[in-house]
Amino acid sequence: MTATPEGPRTPDIPAGPDIDLTVRLTEAPGAPEHVFRLAASGGTLAAECTLPDSAAALVAVTQHGEAIFFPKPGPPKMCTQQYGGPQVAVVTGRFMGKEVNSLFSRTDGCEIARWRTMAPLLGGVAGSTGAV
């Protein structure tokens, strides 16, 4: 934390956007890759955003990003053995000063739940081109 002439301020965040994420979505093996970007500083979306609903993606990322991108180790999870589809999304970039490199899929109940939590960033239940 640093002080300014006006008094204390929030903890330092590295220069650049608070959130700068690239999403690479593939709807099926061998299908074309769709690439989207979400960038924001201080809660304000940057002009470079290319998601269909960048505002909803920003809300999802700020609400769940820490837990989704940097999960805390814990006991093994029981996941239902259901298949949600062949969609795969790789999210890379920076979130609040931390490097992000997360893989999302829909291969079992736990992964489907992660996908739904971040649906505005990754795409809706159908996983189609980032649209919810």
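**Group meeting: contacts, sheet and helix H2**

Of the contacts in this chain between residues at least 6 apart in sequence, 51% join residues at least 24 apart. Keep in mind that this is a predicted model.

Some totals for the chain. It has 132 residues, and 36% of them count as buried. The exposed area is about 7600 Å². Carbon and sulfur atoms supply 59% of that area.

Now the secondary structure. There are three helices and seven strands. Reading from the N terminus, we get β-β-β-β-β-α-β-β-α-α.

On to the sheet. Five strands form an open sheet, with antiparallel pairing. The order across it is E5-E4-E3-E6-E7. Which strands stand at the edges? Those are E5, residues 44–45, and E7, residues 98–105. Each has a single partner strand, so one side of each is left without a neighbour in the sheet.

Let me stay with strand E7 for a moment. Helix H2, residues 109–117, packs on the sheet. What does helix H2 touch there? The helix touches E7, E6 and strand E3, the last of these being residues 19–26. Relative to the direction of E7, the direction of H2 makes an angle of about 120 degrees.

Next, the pairing of E7 with strand E6, which covers residues 88–95. How many bridges join the two? There are eight, and the pairing is antiparallel. To pick out one position, Ala89 has Phe104 in E7 as its bridge partner.

To recap: E7 is an edge strand with a single partner strand, it pairs with E6 over eight bridges, and helix H2 touches both E6 and E7. That is what I have for today.

Definitions and conventions
Residues are numbered from 1 along each chain as its sequence is written. This is a predicted model: local features need pLDDT of at least 70, side-chain atom pairs count only at pLDDT 80 or more; totals for chains, interfaces and linings use all residues. Side-chain values use heavy atoms; hydrogens and water are left out. Helices (H or I, at least four residues) and strands (E, at least two) are DSSP runs, numbered from the N terminus. Buried means under 20% relative accessible area, exposed over 50%, partly exposed in between (1.4 Å probe, protein chains only). Contact means heavy atoms within 4.5 Å. Accessible areas come from the Shrake-Rupley method with a 1.4 Å probe; for residues, only the protein chains shown count as cover. Two strands pair if DSSP finds at least two bridges between them. Axes are lines fitted to C-alpha atoms, for helices over the stretch in contact, and angles run from 0 to 180 degrees between N-to-C directions.
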